[in-house]
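Open the model in your viewer and keep the selection prompt at hand. The stops below say what to select next and what is there.

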Amino acid sequence: MDLKDSLSKFKQQQERCQSSLASIAASASKPKHRAQPVNAPSAPARPSQPIKFSNDTERLQHINSIRKSPVGAQIKLVIELLYKTRQAFTAEQINEATYVDIHGNKAVFDSLRNNPKVSYDGRRFSYKSKHDLKGKDQLLVLVRKFPEGLAVVEVKDAYPNVLEDLQALKAAGEVWLLSNMDSQEDIVYPNDPKAKIKVDDDLKQLFREIELPRDMVDIEKELQKNGIKPMTNTAKRRAAAQINGVKPKAKPKKKQREITKRTKLTNAHLPELFQNLNT
């Protein structure tokens, strides 16, 4: 019995040894992980990236800022679109082009519908100028209806290149473009071909020798004495400026040129002007 017990114990020891060797071989096949020292510096953390809004988010923010802007600012965007394109737009098309929601804002809709620069036919909005002109020929017909002059400001928004057409009509001799020195406004006058006459040089010289009043008020009075209605009312404008506290702009004085021996004398018929000429 002692021999059998010894054999059985020997087998048990071999089995334990084999299981130990198998576990050692299995642990050796796994990758080894190096332990990081306690005092070793940790890897620097990656800086947090700034949050970037997508293009869609930026567009939504832009739309929101427009729709929360004052009614006047939204009306300006729409009128600029109508003026530049000269096309008729529905409310939906205006919303796509400017992000102004006309149907969603009653104040914008009412203000746009009643604006004097906007035409509304019940469905579409379009730009409305004071004079409905399509080109240079219609512009010339309109100017000829105002023999006393037509303010350029009344036609400058009729169509995109109206100012260029005015210059072309002036170059062709069809109209006169004069600037009002008092109001700083340009006035266009028709040049009637029937009124083209030849003026003698003596009459031209006589006209040029007439001294005009220096004050615009006096000029207007002289025109009224001769039955001509002035295009301006300087006295009324100055009174309104004084009430509103607006001071008239002082005209800069021109520096007088000193007469020297090299000055070309053209007013020979006025010798008293050159008595002080240094010889």
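Begin with helix α3, residues 71-85, together with helix α4, residues 91-98: the two pack at an angle of about 100°, and their axes are 11 Å apart. Angles from 65 to 115 degrees count as roughly perpendicular, and α3 and α4 are therefore roughly perpendicular to each other. Keep in mind throughout that this is a predicted model.

Now show side chains at this contact. On the α3 side, select Leu-77, Val-78 and Leu-81; they meet Ile-94, Ala-97 and Thr-98 in α4. How do the residues of this contact divide into nonpolar, polar and charged? Five are nonpolar, one is polar and none is charged.

Next, select Arg-86, in the loop between α3 and β1 (89-90). Its phi is near 55°, a positive value in a residue other than glycine. Most residues other than glycine have a negative phi. With a relative accessible area of 27%, Arg-86 is partly exposed; that class runs between the 20% limit for buried and the 50% limit for exposed.

Move to Tyr-99, which sits in the loop between α4 and α5 (106-113). Here too a residue other than glycine has a positive phi, near 70°. The relative accessible area of Tyr-99 is 23%, so this residue is partly exposed.

Zoom out for a moment and colour by secondary structure. The protein chain has 10 helices and six strands. Of its 279 residues, 20% are buried. For contacts between residues at least 6 apart in sequence, 48% join residues at least 24 apart.

Then go to helix α7, residues 162-171. Which residues of this helix are buried? Select Val-162, Asp-165, Leu-166 and Leu-169. Look down the axis of α7: these buried residues fall within an arc of 105°, so they line one face of the helix. The face turned away from the buried side carries Glu-164 and Ala-171, which are exposed. Just after α7, pick Gly-173, which takes a positive phi of about 80°.

Add α6 (136-143) to the selection. The axes of α6 and α7 come within 10 Å and cross at roughly 70°, and the two helices are therefore roughly perpendicular to each other. Is the crossing left-handed or right-handed? The crossing of α6 and α7 is right-handed. To see the contact, select Lys-136, Leu-139 and Leu-140 in α6, which meet Val-162, Asp-165, Leu-166, Ala-168 and Leu-169 in α7. The residues of this contact comprise six nonpolar, no polar and two charged. Val-162, Asp-165, Leu-166 and Leu-169 thus appear both among the buried residues of α7 and in its contact with α6.

The last stop is Glu-148, in the loop between α6 and β4 (150-151). Is Glu-148 buried or exposed? Its relative accessibility is 53%, so it counts as exposed; the cut-off is over 50%. Which residues does Glu-148 contact, leaving aside its neighbours within four places in sequence? Select Tyr-189 and Met-231 to see them. Finally, set a distance label from the C-alpha of Glu-148 to that of Pro-230: these residues are 82 apart in sequence, and their C-alpha atoms are 9.2 Å apart in space.

Technical notes
Residues are numbered from 1 along each chain as its sequence is written. Side-chain values use heavy atoms; hydrogens and water are left out. Helices (H or I, at least four residues) and strands (E, at least two) are DSSP runs, numbered from the N terminus. Buried means under 20% relative accessible area, exposed over 50%, partly exposed in between (1.4 Å probe, protein chains only). Contact means heavy atoms within 4.5 Å. The arc is that of the directions from the helix axis to the C-beta atoms. Axes are lines fitted to C-alpha atoms, for helices over the stretch in contact, and angles run from 0 to 180 degrees between N-to-C directions. Angles under 35 degrees count as roughly parallel, over 145 as roughly antiparallel, 65 to 115 as roughly perpendicular and the rest as oblique. A crossing is left-handed if the near helix is turned anticlockwise from the far one by less than a right angle, and right-handed if clockwise. Ala, Val, Leu, Ile, Met, Phe, Trp, Tyr, Cys and Pro count as nonpolar, Asp, Glu, Lys and Arg as charged, and the others, Gly among them, as polar.
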